[in-house]
Amino acid sequence: MKASYDRSADALLIHVGRGKVDYAEEMGPFVIHFTKRGKPLLIEILDASEVLSNLTKVTMRSKKAVPIQVA
């Protein structure tokens, strides 16, 4: 796995596999890129500074595991 951050776009890119991207699906601030067979290759987190800040706040306040909803 490899991750990189694009400051100008405020996007975190997480490479989780290798291969040719065939399609992508957007789920809130997440864009997942898949192969033709449906294997995820790349996860983009858009507005990464806000998403990760909110995630950190939620997890720091919780004493147990909490499901996280992304608007």
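Strands β3 and β4 (residues 30-34) pair in the antiparallel sense over five bridges, where two strands count as paired if DSSP finds at least two bridges between them, and where strands (E, at least two residues) and helices (H or I, at least four) are DSSP runs numbered from the N terminus. This is a predicted model, in which local features need pLDDT of at least 70 and side-chain atom pairs count only at pLDDT 80 or more, while totals for chains, interfaces and linings use all residues. Residues are numbered from 1 along each chain as its sequence is written, and side-chain values use heavy atoms, with hydrogens and water left out.

Within the pairing of β3 and β4, glutamate 26 has valine 31 of β4 as its bridge partner, and tyrosine 23 stands opposite phenylalanine 34 in β4. The two strands form a hairpin with two residues between them, and glycine 28 in the turn has a positive phi of about 65°. On to the next pairing: β4 and β5 are also antiparallel, over five bridges, and histidine 33 is matched there with leucine 42 of β5. Five residues lie between the strands of this second hairpin, in which glycine 38 takes a positive phi near 90°.

These pairings belong to an open sheet of five strands in the order β1-β2-β5-β4-β3, with antiparallel pairing. Its edge strands are β1 (2-6) and β3 (23-27), each of which pairs on one side only. From one strand to the next the twist averages 15°. Helix α1 (residues 48-61) packs on the sheet and touches β1, β2 (11-15), β4 and β5 (40-46), its direction making about 90° with that of β5; here, touching or contact means heavy atoms within 4.5 Å, and axes are lines fitted to C-alpha atoms, for helices over the stretch in contact, with angles from 0 to 180 degrees between N-to-C directions.

The largest nonpolar core consists of five residues, Leu12, Ile14, Ile45, Ala48 and Val51, such a core being a set of buried Ala, Val, Leu, Ile, Met, Phe, Trp, Tyr and Cys residues joined through side-chain atoms within 4.5 Å. Buried means under 20% relative accessible area, exposed over 50%, and partly exposed in between (1.4 Å probe, protein chains only). Both β2 and α1 supply at least two residues of this core. Not counting residues up to four places away in sequence, valine 51 touches Pro29, Phe30, Ile45 and Leu46.

Strand β4 is mostly covered, with four of its five residues buried. Threonine 35, found in the loop between β4 and β5, is buried because its relative accessible area is 13%. Leaving aside neighbours within four places in sequence, threonine 35 is in contact with Lys20, Asp22, Tyr23 and Leu41.
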